[in-house]
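I opened this model to keep a short record of what I looked up in it. My entries go from the sheet to the core, then to the loops and the ligand.

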Amino acid sequence: MEIIPLIQKVIEHLENTAQHDIRFYIETKDILFLGDRLKIEQAFSNLLSNSIKYSPDGGRIIVRLYSRNDMLSIDIQDEGLGIPKESLPRLFQEFYRVDNSDCKRIGGTGLELAIVDES
Ligand SMILES: Nc1ncnc2c1ncn2[C@@H]1O[C@H](COP(=O)(O)OP(=O)(O)O)[C@@H](O)[C@H]1O
Ligand SMILES: [Mg+2]
């Protein structure tokens, strides 16, 4: 499947609901990707909506698609609350949420990244 239009579609959809400036940089020629289209779309959508949700003051979100060691990789960078280093190993566990007041105020289930991981 063509990965670029899929990511563009997710970005366009989310741009309509947020005031964030989302930039998409394509740094690879490998644009074909094998996988379940709906699951991949869901995964991008979860990651990007986290970037929007956890940057309550808006800002720029940078999405970078590149290939390395035969793998297609994607980086998503936002200017929001950030993720404490000690939370990183647990981020994809079910129901895990960063335990600080800024994050708690925003609210959520802690399930989306677990779904991303399963996809
Ligand atoms: N872009 C981000 N910036 C800051 N924290 C994040 C970001 N994405 C995820 N997190 C943290 O990871 C936790 C798990 O994310 P997720 O599974 O999507 O659950 P939810 O958004 O429902 O809380 C979030 O509660 C939040 O603490
Ligand atoms: Mg989330």
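The entries below follow the order in which I looked things up.

**Entry 1: the sheet.** I kept in mind throughout that this is a predicted model. I began with the strand order and found an open sheet of 3 strands, β1-β2-β3, with mixed pairing. I then asked which strands stand at the edges. They are β1 (21-27) and β3, and each has a single partner strand, so one side of each is left without a neighbour in the sheet. I also looked up the twist, and neighbouring strands are turned by 15° against each other on average, with direction ignored. For the helix against this sheet, I noted that α1 packs on it with contacts to β1, β2 and β3, and that the direction of α1 makes about 175° with that of β1.

**Entry 2: the two pairings.** I took the pairings one by one. Between β1 and β2 I found 7 bridges in the parallel sense, and within this pairing I26 has L65 of β2 as its bridge partner. Between β2 (residues 60-68) and β3 there are 7 bridges as well, but these two strands run antiparallel; here R64 stands opposite D75 in β3. The strands β2 and β3 form a hairpin with 2 residues between them. I also checked the cover over β3 (residues 71-77), and the count of buried residues among its 7 residues is 0.

**Entry 3: the core.** I next asked which residues make up the largest nonpolar core. It has 9 residues, namely I3, I7, V10, A43, F44, L48, I52, I61 and V63. The elements that give two or more residues to this core are α1 (3-15), α2 and β2, and the largest share, 4 residues, comes from α2. I noted beside this that, in soluble globular proteins, nonpolar side chains tend to be buried together. I followed V63 further, leaving aside residues up to four places away in sequence, and found that V63 touches I7, I11, I22, R23, F24, I74 and I76.

**Entry 4: positive phi in the loops.** Most residues other than glycine have a negative phi, and I therefore looked up the exceptions with some care. One of them is N69, which has a positive phi of about 50° although it is not a glycine, and which is found in the loop between β2 and β3. N69 is exposed, because 5 other C-beta atoms lie within 10 Å and the cut-off for exposed is 12 or fewer. Another is F95, with a positive phi of about 65°, in the loop between β3 and α3 (101-106). F95 has 9 C-beta neighbours inside 10 Å and so counts as exposed.

**Entry 5: a glycine.** I stopped at G35, in the loop between β1 and α2. Is G35 exposed, partly exposed or buried? With 13 C-beta neighbours inside 10 Å, G35 counts as partly exposed. I also looked up its separation from D102, 67 residues apart along the chain, and the two C-alpha atoms are separated by 35 Å.

**Entry 6: the ligand.** Last, I asked how many residues surround ligand 1. There are 21, and the closest are Y54, R97, V98, G108 and E112. By class, the shell around ligand 1 has 10 nonpolar, 8 polar and 3 charged residues. I noted that α2 (37-53) and α4 (112-118) each supply at least two residues of this shell.

Terms used
Residues numbered from 1 in each chain as written. Chains lettered and ligands numbered in written order. Predicted model: local features only at pLDDT ≥ 70, side-chain atom pairs only at ≥ 80, totals over all residues. Near = placed C-beta within 6 Å. Nonpolar A, V, L, I, M, F, W, Y, C, P; charged D, E, K, R; others polar. Buried ≥ 20, exposed ≤ 12 C-beta atoms within 10 Å, placed from the backbone. Pairing = 2+ DSSP bridges. Core = buried A, V, L, I, M, F, W, Y, C linked by C-beta atoms within 7 Å. Contact = placed C-beta atoms within 7 Å. Axes fitted to C-alpha atoms, helices over the stretch in contact; angles between N-to-C directions.
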